[in-house]
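Have your viewer open and your selection tool ready. We will make a few stops together, picking residues and looking at what surrounds them.

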Amino acid sequence: MEHDVTGESSTAGTVSLAQIREEPLSVDEVLSAVQDPSCGGITVFVGVVRDHDRGQDVASLDYSVHPTAQARLTEVAGVVAARSGAVHLAALHRSGHLEVGDMAVVVAAAAPHRDAAFAACRDLIDTLKAEVPIWKHQHLGAGGTEWVGMP
């Protein structure tokens with residue numbers, strides 16, 4: 001499953017890439033999507049599957065994606081672009097099965113100066129995590145499972 005949006009404009013910035021996909025993510029792809037000669041600052045956040053959560057061992061996880069998640073990701077990225085000083089934003093999020101150490105999400109922001117790039121990148125990941133309906137089903141080391149992020 002791959003969803004794509006490219007070149008979506010907003011008043012303050014551009015969403016260069018916003019996808020949810022089952023395939024492994026590429027930091028280079030996200031960096032390439034936001035690079036612009038007018039931008040002197042690019043920030044990237046990479047979220048990886050860790051081996052623990054809330055005091056429990058995590059063996060692996062599965063991301064489930066609501067049918068509206070791609071549209072919501074596109075909308076969230078556009079809102080962040082509109083309220084930020086960033087020129088370009090990009091976001092990739094995995095779906096399906098992931099092992100410990102796999103990249104789960106990569107977001108980037110490019111702006112003329114670093115402060116705006118840092119702020120936009122943080123805003124994008126925080127808003128994505130809070131508002132895009134993607135849920136984590138963790139497989140615990142002790143053999144149980146738990147859902148994280150369900151409404």
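Start by selecting Val46, in what is a predicted model. Is Val46 buried, partly exposed or exposed? Its relative accessible area is 32%, which lies between the 20% and 50% cut-offs, so Val46 counts as partly exposed. Colour residues 41-48 and you will see strand β3, where Val46 is found.

Now add Ile42, Val44 and Val48 to the selection. Together with Val46, these residues form a nonpolar patch on the surface. Switch on a surface view for the four: their accessible area comes to about 260 Å² together.

Next, go to the loop between β4 (52-53) and β5 (56-65), and pick Arg54 there. With a relative accessible area of 56%, Arg54 is exposed. Check its backbone too: what is unusual about phi here? Most residues other than glycine have a negative phi. Arg54 is not a glycine, yet its phi is positive, at about 50 degrees.

For the last stop, select His93 in strand β6, which covers residues 88-94. Its relative accessibility is 2%, and because buried means under 20%, His93 counts as buried.

Which backbone atom does the His93 side chain reach? Draw a distance to the backbone oxygen of Ala104, and you should find 3.5 Å.

Finally, show what is packed around His93. Setting aside neighbours within four places in sequence, His93 is in contact with Gln19, Ile20, Arg21 and Leu25, and also with Tyr63, Ala104, Val105, Leu128 and Ile134. Ala104 thus turns up in this list as well as at the end of the distance you just drew.

Terms used: Residues are numbered from 1 along each chain as its sequence is written. This is a predicted model: local features need pLDDT of at least 70, side-chain atom pairs count only at pLDDT 80 or more; totals for chains, interfaces and linings use all residues. Side-chain values use heavy atoms; hydrogens and water are left out. Patches are made of residues with over 30% relative accessible area and no salt bridge: like charges are joined within 9 Å, nonpolar side chains (Val, Leu, Ile, Met, Phe, Trp, Tyr) within 5 Å. Accessible areas come from the Shrake-Rupley method with a 1.4 Å probe; for residues, only the protein chains shown count as cover. A salt bridge is a side-chain nitrogen of Lys or Arg within 4 Å of a carboxyl oxygen of Asp or Glu. Helices (H or I, at least four residues) and strands (E, at least two) are DSSP runs, numbered from the N terminus. Buried means under 20% relative accessible area, exposed over 50%, partly exposed in between (1.4 Å probe, protein chains only). A polar contact is a pair of N or O atoms within 3.5 Å; within protein, one must be able to donate a hydrogen and the other to accept it, and residues adjacent in sequence count only if both atoms are side-chain atoms. Contact means heavy atoms within 4.5 Å.
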